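Colleague: I'd like a close look at one part of this model, taken slowly, since I'm still new to reading structures. Please pick a spot and walk me through what the charged side chains are up to there.

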Amino acid sequence: MNISNKAFLSPIHEYTDSSFRLMCSKYGCDYVSYPILNAFAVSHDYLKLSSIDVLQEEKNLAIQLCGNSPEDFQVAGTKILNELPNVIRLDVNSGCPSSNTREAGGGSALLDKPETLKEIMKTVKKLGLPTSCKIRLSNSIEKTLSVVDSVCNEVDFLIVHGRTVKQGYSGSSDWNTIKLIKERVSIPVVGNGDVKSKSHGLQLVSEGYCDAFMIAREAMSNPLAFSNIVINSFEEELKLFNEYYELSKGTRNENLFNLKYKALMFFRGFSGSTEVRLKISRVKTVEELVEMLDSLRTKILVTA
Ligand SMILES: Cc1cc2nc3c(=O)[nH]c(=O)nc-3n(C[C@H](O)[C@H](O)[C@H](O)COP(=O)(O)O)c2cc1C
């Protein structure tokens with residue numbers, strides 16, 4: 001995989017569904033990922049791959065697995081290979097800060113067990129698909145680099161979120177440490193944390209901080225972050241939301257909870273958006289949501 005200068009959509013639990021991934025791909029995102037999937041549950045058939053939200057037409061799709069047992073990754077990875085032919089990469093989550101994931105020994109708990117992480121990556125690599133490992137920073141540079149050194153020979157590339165587990169999602173991503181990692185390893189590094197747009201990501205690449213970039217929260221409210229298109233009016237946001245709604249039709253993503261969540265994230269940053277979000281939060285059905293947004297369009301167009 002040549003990932004130089006490429007744009008990645010972050011795996012985002014309960015957000016980056018198939019409809020959203022298709023939309024980001026359409027607007028310039030090069031690589032997408034199914035969010036955190038429990039390797040134990042897949043390997044022991046508690047979770048069937050036939051039940052997960054992956055569409056055949058999705059391109060450049062990775063699956064992100066989490067867990068702490070190389071055997072679970074081996075079995076889960078083999079099932080993915082056999083059952084999901086459009087998956088082109090397996091990613092291992094070594095950064096999730098949630099207590100549930102950590103208590104089960106996965107996600108960022110693996111940062112404290114570099115040897116286990118190395119074994120997992122070796123196992124996943126043997127399956128034959130390109131592999132990546134998504135890490136966070138540890139509390140000290142030395143510890144971060146020891147994790148990096150353990151895995152860098154076992155993966156095709158590293159994805160580095162420049163925050164520590166303690167930081168969660170607050171504070172800033174430490175791009176100087178991401179750069180240090182990039183300069184240390186011979187594999188490509190995807191930098192992640194606070195990237196606002198494609199041009200911002202490409203600037204970080206050109207300044208030597210990373211080889212490619214990954215966007216999470218900015219893309220949640222603006223899938224056009226991967227393009228050079230800038231939108232800042234209700235009318236344009238509505239067009240974008242309706243596009244997502246159309247993509248969701250006939251999929252499991254066409255449900256009130258998800259569509260409200262997406263609408264609440266999309267309708268931000270323009271004059272009157274607070275009022276629009278209040279109205280969104282009050283609707284009780286999908287039809288009501290769509291009609292309410294459409295009626296606002298008419299109102300805003302008439303008064304414009
Ligand atoms: C709601 C939410 C869910 C997330 N789920 C995942 C996940 O499933 N897997 C993962 O590796 N990272 C997950 N992340 C972390 C993001 O992928 C990303 O690393 C982080 O938000 C930093 O990027 P940003 O500053 O662009 O938001 C999640 C983040 C948020 C806010």
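Modeller: One bit of vocabulary before we start: a residue counts as buried when its relative accessible area is under 20%, as exposed when that value is over 50%, and as partly exposed in between. Also keep in mind that this is a predicted model.

Let's look at where the two domains meet. The chain is divided into domain 1, residues 7–226, and domain 2, residues 234–303. Their centres, taken over C-alpha atoms, are 30 Å apart. Domain 1 puts 18 residues into the contact, and domain 2 puts in 14. Together the two domains bury about 1,400 Å² between them, with 60% of that on carbon and sulfur atoms. On the domain 1 side, the residues that lose the most area to domain 2 are Tyr15, Ser19 and Met23, which together account for 36% of what that side buries.

Now for the polar part of this meeting place. Eight residue pairs are in polar contact between domain 1 and domain 2. On the domain 1 side, two elements give two or more residues: α1 (18–26) and α9 (217–221). Helix α1 gives the most, with six residues. Sorted by class, that side has nine nonpolar, five polar and four charged residues.

And the charges? Side chains of opposite charge can pair when their charged atoms come close. Between the two domains the count is two salt bridges, while the structure holds 13 in total.

Start with Asp17 and Lys262, which form a salt bridge whose closest N and O atoms are 2.8 Å apart. This pair links distant parts of the chain: Asp17 sits in the loop between β1 (7–9) and α1, and Lys262 in helix α11 (residues 256–266), 245 residues apart. How accessible are they? Asp17 has a relative accessible area of 8%, so this residue is buried. Lys262 has 0%, so Lys262 counts as buried too.

Next come Lys26, in helix α1, and Glu243, in helix α10 (residues 234–248); this pair also links distant parts of the chain, 217 residues apart. Their side chains meet in a salt bridge of 2.7 Å, N to O. Lys26 counts as exposed, because its relative accessibility is 56%.

For contrast, here is a salt bridge you can find elsewhere in the model. The side chains of Asp112 and Lys143 meet at 2.6 Å, N to O. Asp112 lies in the loop between α4 (99–103) and α5 (114–125), and Lys143 in helix α6 (residues 141–151), so the pair ties together parts that are 31 residues apart in sequence. Both ends are partly exposed: Asp112 at 44% and Lys143 at 33%.

One last charged residue to click on is Asp45. Asp45, Lys48 and Lys79 are linked in a network of salt bridges. You'll find Asp45 in the loop between α2 (39–43) and β3 (61–66), and with a relative accessible area of 41% this residue is partly exposed. Its backbone is worth a glance as well. Most residues other than glycine have a negative phi. Asp45 isn't a glycine, yet its phi is positive, about 65°.

Methods. Residues are numbered from 1 along each chain as its sequence is written. This is a predicted model: local features need pLDDT of at least 70, side-chain atom pairs count only at pLDDT 80 or more; totals for chains, interfaces and linings use all residues. Side-chain values use heavy atoms; hydrogens and water are left out. Domain bounds come from an automatic or database domain assignment. Contact means heavy atoms within 4.5 Å. Buried area is the accessible area (1.4 Å probe) that two parts lose on being put together, summed over both. A salt bridge is a side-chain nitrogen of Lys or Arg within 4 Å of a carboxyl oxygen of Asp or Glu. A polar contact is a pair of N or O atoms within 3.5 Å; within protein, one must be able to donate a hydrogen and the other to accept it, and residues adjacent in sequence count only if both atoms are side-chain atoms. Helices (H or I, at least four residues) and strands (E, at least two) are DSSP runs, numbered from the N terminus. Ala, Val, Leu, Ile, Met, Phe, Trp, Tyr, Cys and Pro count as nonpolar, Asp, Glu, Lys and Arg as charged, and the others, Gly among them, as polar. Buried means under 20% relative accessible area, exposed over 50%, partly exposed in between (1.4 Å probe, protein chains only).
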